[in-house]
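Visitor: I am new to this kind of structure. Could you walk me through how to read it?

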Protein chains: 2
Amino acid sequence: MKKTILVFSLLIFAILLLFQISKYAIISGSLKIEITIGVIAVIFLIIGIYINKKSLQNSKLPSTEINHQKISELEITEREYEVLKGISEGLSNKEIGDKLFLSESTIKTHVSNLLVKLNAKRRTQALQIAKDFQII
Amino acid sequence: MKKTILVFSLLIFAILLLFQISKYAIISGSLKIEITIGVIAVIFLIIGIYINKKSLQNSKLPSTEINHQKISELEITEREYEVLKGISEGLSNKEIGDKLFLSESTIKTHVSNLLVKLNAKRRTQALQIAKDFQII
DNA sequence: TTCGAGCTCATACTAAAGTACCAAAGTGCT
DNA sequence: AGCACTTTGGTACTTTAGTATGAGCTCGAA
């Protein structure tokens, strides 16, 4: 907060200085009005963009992209990934099996392999880790 | 894209018009230089903020805010919410108990109540629902 | 064709998770 | 004090999750 006040104080000072310089430069005829206005316009355009960027920086977006490279890095196969998505939807093994037309046994196998690859003890932990890796 | 070109064309036209008006107004002495520059500055500050906001709007952030109102709406108590956070961290009931200095039985009670309140059958489904409600 | 990887499924088991009760203690309100 | 609600914890039970192991199948690379 102290920093913000300091920055704004300096900004206002700089603007006032700019006004005075441009005013006397125009009166003495050494500077065209068009150029002065153009410079002012560009400066404030940049200030506007800067202020807005700063204010939006706090609510930083967590990059919703899926990290496909990480998936192959972890050697997670196609089927395993399907199962992982099922888990993230809150489905039981049985339900995932029904969805993918597989037996519950097969899902259990895939889940077990997933847990090893994600270094997790439970499916909920697998979800948390997968989110960290931006896999889901 | 066509819209962008149109908007920028109109913008440039408006700016040129502004320059001419201000130029002749100053020469005819009916307008002070300070005021002109001030107006230009404010206009471009707003334009800068506007441009930046538009450019960041595409990568819209999914509002990472927690919906506290929804939590009380669902009548989720303080303790239950603590347990929910534990679940979202991928912890087992035992681990949540250790963390909150409670017995596993107590955690089970809280989890059961949570599942009813969130209308979920499993803890993973509870997570998915809680995420939908922006509770976690 | 032999090999490895991936996918499928099964059995048998252990470990968690979840349900349905009950009950005591604390808290806040009237 | 009495009431409603939360929090805590227990027992007994069912269901789901997860492990270990084995086995058959397909497909592409060596």
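Visitor: Which residue just after H7(B) takes a positive phi?

Guide: Gln134(B) does, with a phi of about 55°. Keep in mind that this is a predicted model.

Visitor: How do I read the helix before that residue?

Guide: Begin with the general idea. An α-helix has 3.6 residues a turn, so residues three or four places apart point the same way. Now the case here. Helix H7 of chain B covers residues 123-132. Its buried residues are Arg123(B), Thr124(B), Ala126(B), Leu127(B), Ile129(B) and Ala130(B).

Visitor: What do the buried residues of H7(B) pack against?

Guide: Partners come from both chains. Chain A supplies H4 and helix H7 (123-132). Chain B supplies helix H4 (78-88), helix H5 (93-100) and H6.

Visitor: Let me step back to a whole chain. How many helices and strands does chain A have?

Guide: Chain A has 7 helices and 0 strands. Along the sequence the pattern reads α-α-α-α-α-α-α.

Visitor: What share of chain A is buried?

Guide: Buried residues are 34% of its 136 residues. The accessible surface of chain A is about 8900 Å². Carbon and sulfur atoms hold 63% of that surface.

Visitor: How do I read contacts along the sequence?

Guide: Ask how far apart the partners sit in the chain. In chain A, take the contacts between residues at least 6 apart in sequence. Of these, 56% join residues at least 24 apart.

Visitor: Can we look at a single residue? Is Asn93(A) buried or exposed?

Guide: Asn93(A) counts as buried, because its relative accessibility is 15% and the cut-off for buried is under 20%. Asn93(A) belongs to helix H5 (residues 93-100) of chain A.

Visitor: Which residues does Asn93(A) touch?

Guide: Leave out residues up to four places away in sequence. Then Asn93(A) touches Glu104(A), Ile107(A), Lys108(A), Val111(A) and Arg123(A).

Visitor: Now the DNA. Which residues are closest to DNA strand C?

Guide: Look for residues from each protein chain. The closest are Thr77(A), Arg79(A), Lys108(B), Ser112(B) and Arg123(B), among 18 residues that surround the strand. Then ask which part of the DNA is met. Sugar and phosphate make up 72% of the atoms of DNA strand C within 4 Å of the protein.

Visitor: Which atoms come together there?

Guide: Check side chain and backbone separately. Polar side-chain atoms of Thr77(A) and Arg79(A) lie at 2.5 Å and 2.9 Å from a phosphate oxygen of DNA strand C. For Arg123(B), a polar backbone atom is 2.7 Å from a phosphate oxygen of that strand. The elements giving two or more residues to this surface are helix H4 (78-88) and helix H6 (104-118) of chain A, with helix H6 (104-118) of chain B. By type, the surface has 3 nonpolar, 9 polar and 6 charged residues.

Visitor: And which residues are closest to DNA strand D?

Guide: They are Lys108(A), Ser112(A), Arg123(A), Thr77(B) and Arg79(B). In total, 18 residues surround DNA strand D. Sugar and phosphate account for 73% of its atoms within 4 Å of the protein.

Visitor: Where are phosphate oxygens of DNA strand D approached by backbone, and where by side chain?

Guide: A backbone N or O atom of Arg123(A) lies 2.7 Å from one. On the side-chain list, an N or O atom of Thr77(B) is at 2.4 Å, and one of Thr106(B) at 3.0 Å. Elements giving two or more residues to this surface are H6 of chain A and both H4 and H6 of chain B.

Terms used
Residues are numbered from 1 along each chain as its sequence is written. Chains are lettered from A and ligands numbered from 1 in the order in which they are written. This is a predicted model: local features need pLDDT of at least 70, side-chain atom pairs count only at pLDDT 80 or more; totals for chains, interfaces and linings use all residues. Side-chain values use heavy atoms; hydrogens and water are left out. Helices (H or I, at least four residues) and strands (E, at least two) are DSSP runs, numbered from the N terminus. Buried means under 20% relative accessible area, exposed over 50%, partly exposed in between (1.4 Å probe, protein chains only). Contact means heavy atoms within 4.5 Å. Accessible areas come from the Shrake-Rupley method with a 1.4 Å probe; for residues, only the protein chains shown count as cover. A residue is near a molecule or strand if one of its heavy atoms lies within 4 Å of it. A polar contact is a pair of N or O atoms within 3.5 Å; within protein, one must be able to donate a hydrogen and the other to accept it, and residues adjacent in sequence count only if both atoms are side-chain atoms. Ala, Val, Leu, Ile, Met, Phe, Trp, Tyr, Cys and Pro count as nonpolar, Asp, Glu, Lys and Arg as charged, and the others, Gly among them, as polar.
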